[in-house]
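Here are a few short exercises to help you find your way around a new structure. Have a go at each one before reading its solution.

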Amino acid sequence: MKCLLLVVGLVGLAVSVSANFCFVCSTQTDPSCLIPEGAQLMRDCNVIANNNTCYTRIVDRHVVRGCSSSLSREDFANCNSETECELCHDVANQGRCNGAVFPEHRLHCHQCSGSINSTCGQEIVTAAQLCRFYDADDQCFVSVVGDLVERGCLSESDFCRVGQTCHTCDGHGCNFKHYEDGAMSVVISLKTLLMALLAAMAYGSFRQ
């Protein structure tokens with residue numbers, strides 16, 4: 001009888017201290033944290049504190065996932081935004097509640113590079129990929145320099161963000177068209193437009 005009671009007690013204890021798993025990672029150090037899979041990025045939050053709440057948030061454009069017990073009181077209190085920080089509750093011994101794409105509607109773009117004769121230069125028919133960095137105003141781009149074509153996310157391209165000749169567009173996978181398509185071939189950077197405007201103003205002043 002005593003042995004039976006001991007077994008029941010141990011089972012009850014095991015249930016009461018069941019593991020509560022969260023993904024713990026950051027895309028700054030591990031790109032796979034963007035869409036985490038498997039157990040290698042999971043940690044038992046009960047090791048840190050008896051807490052089954054996980055979080056996902058954006059820090060300096062990177063996705064960061066972890067156990068809510070690791071957040072400061074201020075960060076925990078402010079973790080209530082669908083685009084900045086989100087809490088979720090793990091189902092005991094299962095985890096994965098903070099493994100979804102975050103923010104849910106973040107931009108997908110076609111991402112590749114190659115010659116104009118490569119697959120990247122043709123119309124893209126494969127699925128677009130998630131942009132690594134999160135920017136609410138992010139766009140997709142296509143850049144053609146000589147015989148080289150590049151497609152990607154504006155947030156990841158220093159070349160395009162400093163005003164070089166790149167065609168940008170809004171919407172998931174919008175940069176799929178053939179590089180010679182009218183919308184892609186007439187590519188004018190903001191810098192070029194500004195120079196043309198200044199030249200026109202200067203010419204107008206000269207005429208007066």
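The exercises below work through a predicted model.

**Exercise 1.** Find out how many disulfides the whole structure holds, then work out which parts of the chain the pair C22 and C54 links.

*Solution.* Start with the search of the whole structure, which turns up ten disulfides. Now pick out C22 and C54: their sulfur atoms sit 1.9 Å apart, and a disulfide needs them within 2.5 Å, so the pair counts. Next, place the two ends. C22 lies in strand β1 (residues 21-23) and C54 in strand β4 (residues 53-59), so the link joins distant parts of the chain, 32 residues apart. Last, check the twist: with -85° about the S-S bond, this link is left-handed.

**Exercise 2.** Decide whether C22 and C54 are buried or exposed.

*Solution.* Buried means under 20% relative accessible area. C22 comes out at 0%, so C22 is buried. C54 is at 0% too, so C54 is buried as well.

**Exercise 3.** Work out which residues make up the largest nonpolar core, and look for a disulfide inside that core.

*Solution.* First, list the members: L107, C109, C131, C140, C153, C169 and C174, seven residues in all. Two of these, C131 and C153, form a disulfide with sulfur atoms 2.2 Å apart. The torsion about their S-S bond is about -90°, so this disulfide is left-handed. Both C131 and C153 are buried. Now turn to L107: beyond its neighbours within four places in sequence, its contacts include C131, C140 and H172. A second, separate core has six residues, among them L34, V63, F102 and L130.

How values were computed:
Residues numbered from 1 in each chain as written. Predicted model: local features only at pLDDT ≥ 70, side-chain atom pairs only at ≥ 80, totals over all residues. Heavy atoms only, no water. Core = buried A, V, L, I, M, F, W, Y, C linked by side-chain atoms within 4.5 Å. Buried < 20%, exposed > 50% of the residue type's maximum accessible area, 1.4 Å probe, protein only. Contact = heavy atoms within 4.5 Å. Helix = DSSP H or I, 4+ residues; strand = E, 2+ residues; numbered from the N terminus.
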